[in-house]
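Visitor: I'm new to reading protein models, so could we walk through one together?
Guide: Happy to, so let's put it on the screen.

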Amino acid sequence: MTATIEVPAKLAAQVVSTRRDLHMHPELGFQEERTAGVVAERLQSLGFDVHAKIAGTGVVGVMRGSKAGRTIMLRADMDALPILEENTQSYRSRNDGVMHACGHDGHVAILLGAAELIAAGRNDLPGTVCLVFQPAEEGQGGAQAMVEEGILERFSIERAYGLHLSSKYPTGTLGFRSGAFYASSDSIEIEVLGRGGHGAAPHDTVDPILTAAGFVTALQQIVSRNVDPLEPAVVTIGSIHGGTIHNVIPRSVRMLGTVRAFSDDVRDAMPSRIERILKASCDAAGAAYEFEYQRRYPVTANDPDQTAYAEALAKSIFGDEPVFTADKLMGAEDFSFFAQRVPACFYTLGARGGPQSSNPHHSSTFDIDEAALPAGVAMMTALAFDAPSNAP
């Protein structure tokens with residue numbers, strides 16, 4: 001295994017500069033034109049074989065080594081979120097209403113930093129390394145789109161690795177977890193259809209607000225009474241809209257929600273359980289409903305052998321102390337679509353260096369401790385040079 005990876009100070013500064021540039025110019029999923037351009041130009045200047053416009057804005061950089069070995073992929077997601085940034089740093093977003101609030105700017109900067117070291121050591125590189133810069137992780141399934149376009153077959157990818165910066169863990173720590181790591185994520189869209197009327201005469205109406213309220217309350221029995229207490233699950237209604245004024249009962253109420261699970265059995269049972277409660281609530285009130293259940297991201301499950309290998313590699317570089325077993329997360333990751341197809345390991349890189357970098361992901365004040373970035377570069381570079389010949 002690779003024992004030492006040095007990230008020169010000049011390269012570390014470049015990675016920080018790249019991250020700040022991307023942070024100032026965030027782009028939503030499948031709209032990452034500028035980001036993809038920065039990536040493609042950098043990879044091409046380093047001598048990678050560059051393939052652009054995959055799944056819209058995705059970029060793959062291929063470096064073939066001079067020694068025998070497998071073909072692996074290292075992945076970074078590129079998209080931002082529709083959030084108005086409330087930070088005051090000099091590198092805050094210049095695109096109002098769009099923000100890198102999940103660390104994807106850091107992911108791209110890390111992988112471009114690793115690209116520099118991979119290119120510099122190409123004569124010692126075994127196998128083939130594919131750097132996959134993926135669009136649209138934030139709910140739009142960019143990884144699925146890349147898989148459906150055939151990138152795994154096109155580039156003969158045999159192993160997949162990815163990281164996620166985390167404000168939950170201290171800067172520079174690396175977290176690994178075998179098996180289920182991130183939960184599945186599905187969406188529900190519901191319309192409760194009643195009969196509108198005057199707020200002073202509710203007996204002449206079928207009140208969709210009251211019906212929706214009863215449904216939301218009853219919905220919680222799924223997790224508390226239908227799901228095994230040892231199986232984590234979440235059913236959340238995150239949006240509810242109905243009515244326009246104080247004294248009018250509206251005709252309809254619209255609700256949006258998310259469903260999370262770690263078990264395929266629990267996940268598969270959710271649509272019928274939710275609709276059963278919805279139907280009962282509407283039948284009791286005399287209302288009708290429309291129900292749509294959207295299966296989105298499967299569970300992100302790490303291959304046990306790849307996880308053990310990557311964790312051991314991390315310890316050989318950083319020592320035992322900063323390497324730990326990460327907790328399961330109810331958040332979701334579309335890296336799962338790669339992990340379903342090839343043996344894979346997705347790991348966490350801590351980036352909490354103090355109060356400024358401890359805010360939760362997807363918040364308007366999210367930021368990372370940039371001191372974590374060199375550790376990400378070192379780990380991705382180590383995987384590039386070691387995994388093609390040593391991963392199980």
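Visitor: Which residues form one aromatic cluster with Phe181 and Tyr182?
Guide: Start from the pair itself: Phe181 and Tyr182 are edge-to-face, with 4.9 Å from centre to centre and 70 degrees between the planes. For rings of Phe, Tyr and Trp (its six-membered ring), a pair means centres within 6.5 Å; planes under 30 degrees apart are stacked, over 60 edge-to-face, and the rest tilted. The cluster takes in that pair and adds Phe335, Phe338 and Phe346.

Visitor: Before we go on, what kind of model is this?
Guide: It's a predicted model, where local features need pLDDT of at least 70, side-chain atom pairs count only at pLDDT 80 or more, and totals for chains, interfaces and linings use all residues. Residues are numbered from 1 along each chain as its sequence is written, and side-chain values use heavy atoms, with hydrogens and water left out.

Visitor: Is Tyr182 buried or exposed?
Guide: The cut-offs decide this: buried is under 20% relative accessible area, exposed is over 50%, and partly exposed is in between (1.4 Å probe, protein chains only). Its partner Phe181 has 0% relative accessibility, so Phe181 counts as buried. Tyr182 has 7%, so the word for Tyr182 is also buried.

Visitor: How many aromatic pairs turn up in the whole structure?
Guide: The search covers the whole structure, and Phe181 with Tyr182 form an aromatic pair. The total is seven.

Visitor: How many residues apart in the chain are Phe176 and Tyr347?
Guide: These two rings are stacked, 5.3 Å centre to centre with 25 degrees between the planes. Phe176 is buried at 1% relative accessible area, and Tyr347 is buried at 0%. Helices (H or I, at least four residues) and strands (E, at least two) are DSSP runs numbered from the N terminus. Phe176 belongs to strand S6 (residues 174-176) and Tyr347 to strand S16 (residues 344-352), so this pair links distant parts of the chain, and the separation is 171 residues.

Visitor: Which residue has its charged end over the ring of Phe262?
Guide: A charge sits over a ring when NZ of Lys or CZ of Arg is within 6 Å of the ring centre and within 35 degrees of the ring normal. Here the charged end is 4.8 Å from the centre of the Phe262 ring, and the residue is Lys328.

Visitor: Moving on to charges, which residue does Asp105 meet in a salt bridge?
Guide: Side chains of opposite charge can pair when their charged atoms come close. A salt bridge is a side-chain nitrogen of Lys or Arg within 4 Å of a carboxyl oxygen of Asp or Glu. Asp105 is in helix H3 (residues 104-120), and its partner, 86 residues apart, is in helix H1 (residues 9-24). At 3.0 Å, N to O, that partner is Arg19.

Visitor: Which residues are linked with Arg19 and Asp105 in a network of salt bridges?
Guide: Both Asp105 and Arg19 are buried. The structure as a whole has 17 salt bridges. The network around these two also includes Arg20, Asp367 and Glu370.

Visitor: Is Asp268 buried or partly exposed?
Guide: Asp268 and Arg295 meet in a salt bridge of 3.2 Å, N to O. Arg295 lies in strand S13 (residues 288-297) and Asp268 in helix H8 (residues 264-285), so their salt bridge ties together parts 27 residues apart in sequence. Arg295 has 48% relative accessibility and counts as partly exposed. At 46%, Asp268 is also partly exposed.

Visitor: Which side chain does a polar contact join to His104?
Guide: His104 is in helix H3 and is buried, with 1% relative accessible area. A polar contact is a pair of N or O atoms within 3.5 Å; within protein, one must be able to donate a hydrogen and the other to accept it, and residues adjacent in sequence count only if both atoms are side-chain atoms. At 3.2 Å, the side chain joined to His104 is that of Asp77.

Visitor: Last one: which residue stands opposite Val60?
Guide: Strand S2 (residues 58-64) has six of its seven residues buried. Strands pair if DSSP finds at least two bridges between them, and six bridges join S2 to strand S4 (residues 126-134), running antiparallel. In S4, the residue opposite Val60 is Val132.
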